[in-house]
Amino acid sequence: MARGDPDRTFDVVIVGGGIVGAMIAREISRYLVKTALLEKEMDVAGGSTKANSAIIHAGFDPEPGTLKASLNVKGAALYPGIAGELGVEYTQSGSLVVAIGEEEAPVLEVLLERGKRNGVAALEIVGKDRLFRMEPGLSRAAVAALFAPSAGIICPFRLAIAAAENAVCNGVRLFRDCAVTGVVLEGSRVKGVETTRGFFACDYVVNAAGVHADEVARSAGDDSISIRPRRGQYHVLDKAHAGLVTRVVFPVPTKVSKGIVVTPTIDGNVLIGPTAEDIDDKEDTTTTEAGLADVVTGAARLVPGVVDALPPITQYSGLRAVEKSGDFVVAASPVVSGLVNAAGIQSPGLSAAPAIAEMVLEILREQGLKTPPNPGFNPERKTRRRFAVSSDAERDIAASARADCGHIVCRCESVTRAEVVDALRGPLGAVTLDGVKRRTRAGMGRCQGGFCTPRIIPIVAAELGVRPEDLLKNEPGSRLLGGATKAAGARDGGSEA
Ligand SMILES: Cc1cc2nc3c(=O)[nH]c(=O)nc-3n(C[C@H](O)[C@H](O)[C@H](O)COP(=O)(O)OP(=O)(O)OC[C@H]3O[C@@H](n4cnc5c(N)ncnc54)[C@H](O)[C@@H]3O)c2cc1C
């Protein structure tokens with residue numbers, strides 16, 4: 001192990017707290033390996049992980065022989081178990097790739113064969129009659145579809161937060177608001193990382209920095225990775241339109257993306273999108289009028305009823321980290337010993353993340369990392385069933401034990417005061433309003449926080465010990481209410497877990 005301040009000395013440093021870094025951290029925490037997870041933002045799951053289609057893909061889309069294909073299929077198979085262990089809702093909804101018009105139908109055969117070669121189970125092509133029974137809202141121009149029963153839907157940021165929290169509970173140390181500015185070498189071997197919070201010594205660096213992974217690798221002298229962002233924009237439709245589809249509905253794919261999807265979300269909304277726009281700015285998650293119009297056109301081609309479900313309750317966009325090879329890069333650096341890259345993790349990276357984590361661990365072992373089992377490892381995350389999905393009986397029991405379990409603060413999403421408080425107190429407590437929102441869904445409903453934000457601010461401020469006017473939305477300086485002094489507080493970023 002590298003020497004130095006024992007509090008800043010680790011076997012492994014993971015750069016980036018997205019779903020990939022969080023799953024890797026959890027996987028490593030099965031072993032007695034001193035590990036730090038460093039995230040530049042004030043919370044985990046703020047990159048691509050918070051803004052995608054939230055689909056666990058079955059795995060028929062990637063080209064056979066690619067890492068995307070093998071890790072997608074392997075990862076998807078791990079999801080039912082992992083979601084159960086982490087207490088994150090997951091539904092195996094199945095997916096349909098729908099051919100609109102006879103001319104698209106041959107593509108389904110190609111995807112079916114590809115899926116079989118990738119090892120996807122139970123794929124079948126369904127004809128018109130069954131298709132319309134399965135999804136009555138589909139366009140009458142639909143002629144057939146590829147049905148993949150193993151596809152699913154999940155909340156990607158609740159999942160990543162849960163995985164990181166479970167890793168922390170099993171001994172990983174998480175540092176937020178801690179950007180890695182460079183990998184430090186001794187000769188051609190990793191010695192540590194320089195960060196905005198000082199130096200961390202380590203023997204191994206796992207680079208899971210999303211769209212910035214090429215920059216992290218380059219800082220170590222590894223030029224092998226080149227990433228360009230590909231933006232995808234979405235509309236989120238109100239829960240009143242939840243009946244539009246019951247499964248993930250794809251068009252036939254294009255060369256660069258799986259096309260504009262109409263999908264139910266795990267929380268009961270309908271999501272339509274994404275676009276696929278190659279851009280240069282790695283921070284540009286704006287939405288555009290043209291992009292959002294394309295989303296509606298694409299979605300309405302599959303499910304005409306989406307037009308009547310507008311306006312959406314909100315819109316967003318996310319950035320795919322597209323590597324020049326077009327595939328995932330999950331490999332030891334070709335030039336730096338001790339550096340392992342998990343880069344270019346574009347779609348289906350959410351689906352593949354648990355399998356990427358297993359692969360990274362294997363590579364670390366090949367690089368010499370010792371992994372004695374962690375006898376205290378507990379895969380189960382302690383959670384309480386969310387009020388919104390609890391039965392009346394469960395709600396009564398919870399409220400009789402603790403009064404604020406029956407006190408609703410967010411009406412649209414049925415979030416209780418107790419859930420807000422717990423989101424701030426847990427092993428990976430939120431330190432911003434967005435952090436609370438992503439843990440609880442308060443503010444994610446039809447009114448987009450119009451009702452609950454003023455009710456939640458005093459709760460959050462009191463819990464964090466800051467003045468309401470110093471409370472941050474998501475990043476340093478993002479005060480919600482303005483105010484004269486810089487936001488401060490016991491847990492104003494830079495915090496460990
Ligand atoms: C439009 C779109 C749709 C998608 N749909 C799906 C889908 O339906 N199913 C699916 O399987 N996949 C999907 N994906 C892909 C999936 O979202 C990604 O593969 C996945 O989120 C990548 O996770 P990550 O952890 O690699 O990256 P990120 O989530 O971006 O995490 C990287 C983290 O690293 C941090 N970081 C960066 N630089 C530094 C630094 N120097 N120091 C410290 N921290 C740093 C960032 O702040 C960030 O939190 C989609 C992606 C997009 C954009």
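## The ligand shell and helix α11

The residues of the shell around the ligand divide into 18 nonpolar, 17 polar and four charged, where Ala, Val, Leu, Ile, Met, Phe, Trp, Tyr, Cys and Pro count as nonpolar, Asp, Glu, Lys and Arg as charged, and the others, Gly among them, as polar. This is a predicted model, in which local features need pLDDT of at least 70 and side-chain atom pairs count only at pLDDT 80 or more, while totals for chains, interfaces and linings use all residues. Residues are numbered from 1 along each chain as its sequence is written, and side-chain values use heavy atoms, with hydrogens and water left out.

Of the 39 residues around the ligand (a heavy atom within 4 Å of it), Glu39, Thr49, Ile55, Ile345 and Ser351 come nearest. The table gives polar contacts, meaning pairs of N or O atoms within 3.5 Å.

| Residue (backbone atom) | Ligand atom | Distance |
|---|---|---|
| Ser53 | nitrogen | 3.2 Å |
| Pro348 | oxygen | 3.4 Å |
| Gly349 | oxygen | 3.4 Å |

The protein covers 96% of the 1000 Å² of accessible area (Shrake-Rupley method, 1.4 Å probe) that the ligand has on its own.

Turning to helix α11 (residues 433–440), a DSSP run of H or I with at least four residues, seven of its eight residues are buried, so the helix is largely enclosed by the rest of the structure. Buried means under 20% relative accessible area, with a 1.4 Å probe and protein chains only. Among these buried residues are Leu433, Val436 and Arg439, and their cover includes α5 (156–169) and α12 (453–464), through contacts of heavy atoms within 4.5 Å. Just after α11, Arg441 takes a positive phi of about 80°.

Methods. A polar contact is a pair of N or O atoms within 3.5 Å; within protein, one must be able to donate a hydrogen and the other to accept it, and residues adjacent in sequence count only if both atoms are side-chain atoms. Buried means under 20% relative accessible area, exposed over 50%, partly exposed in between (1.4 Å probe, protein chains only). Helices (H or I, at least four residues) and strands (E, at least two) are DSSP runs, numbered from the N terminus.
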